[in-house]
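Have the sequence and the model at hand, and follow the chain from one helix outward to the whole.

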Amino acid sequence: VSFMQLSSGVDLAKFEAVRFVRDLARKENSQALAQLASKMSSAMHVSSSTGEDPFAKVKGLISGMIEKLEGEASADASHKAFC
């Protein structure tokens, strides 16, 4: 997305949110975060074309990712406690 394509502050905020997660995925070498960034980008495009709140879907995606990571951390902790 080029800067010239951004038509409003909301568009800029959407772009920055996706860029932040994508950069974090690269920094942490995280496939899960890269997938989240991709899903966020897709959700932003779909919601902007339908007129829905783009951040409502993104909040759901992030909440789902947090739940998944907490579940994995809990399973790892249980496994380590067992060993």
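Which exposed residues does the face of α2 turned away from its buried side carry? The model in view is a predicted one, and in it that face holds Q31, H45 and S49.

To place these three residues, start with the helix itself. Helix α2 covers residues 31-50, 20 residues in total. From its first C-alpha to its last it reaches 29 Å, close to the 28 Å expected at 1.5 Å a residue.

The other side of the helix can be read from its buried positions. In α2 these are L33, L36, A37, M40, S41, A43, M44 and S47, where buried stands for under 20% relative accessible area. Viewed down the axis of α2, the buried residues fall within an arc of 165 degrees, so they line one face of the helix. Q31, H45 and S49 lie on the face turned away from that buried side, and they are exposed, which here requires over 50% relative accessible area. Just after α2 comes G51, with a positive phi of about 85 degrees.

Now step back to the chain. The protein chain contains 3 helices and 0 strands, and along the sequence the pattern reads α-α-α. It has 83 residues, of which 22% count as buried. Among the contacts in the chain with a separation of 6 or more, 29% come from residues 24 or more positions apart.

The surface completes the description. The accessible surface of the protein chain is about 6,100 Å², and carbon and sulfur atoms make up 58% of it.

Key:
Residues are numbered from 1 along each chain as its sequence is written. This is a predicted model: local features need pLDDT of at least 70, side-chain atom pairs count only at pLDDT 80 or more; totals for chains, interfaces and linings use all residues. Side-chain values use heavy atoms; hydrogens and water are left out. Helices (H or I, at least four residues) and strands (E, at least two) are DSSP runs, numbered from the N terminus. The expected span of a helix is 1.5 Å times one less than its number of residues. Buried means under 20% relative accessible area, exposed over 50%, partly exposed in between (1.4 Å probe, protein chains only). The arc is that of the directions from the helix axis to the C-beta atoms. Contact means heavy atoms within 4.5 Å. Accessible areas come from the Shrake-Rupley method with a 1.4 Å probe; for residues, only the protein chains shown count as cover.
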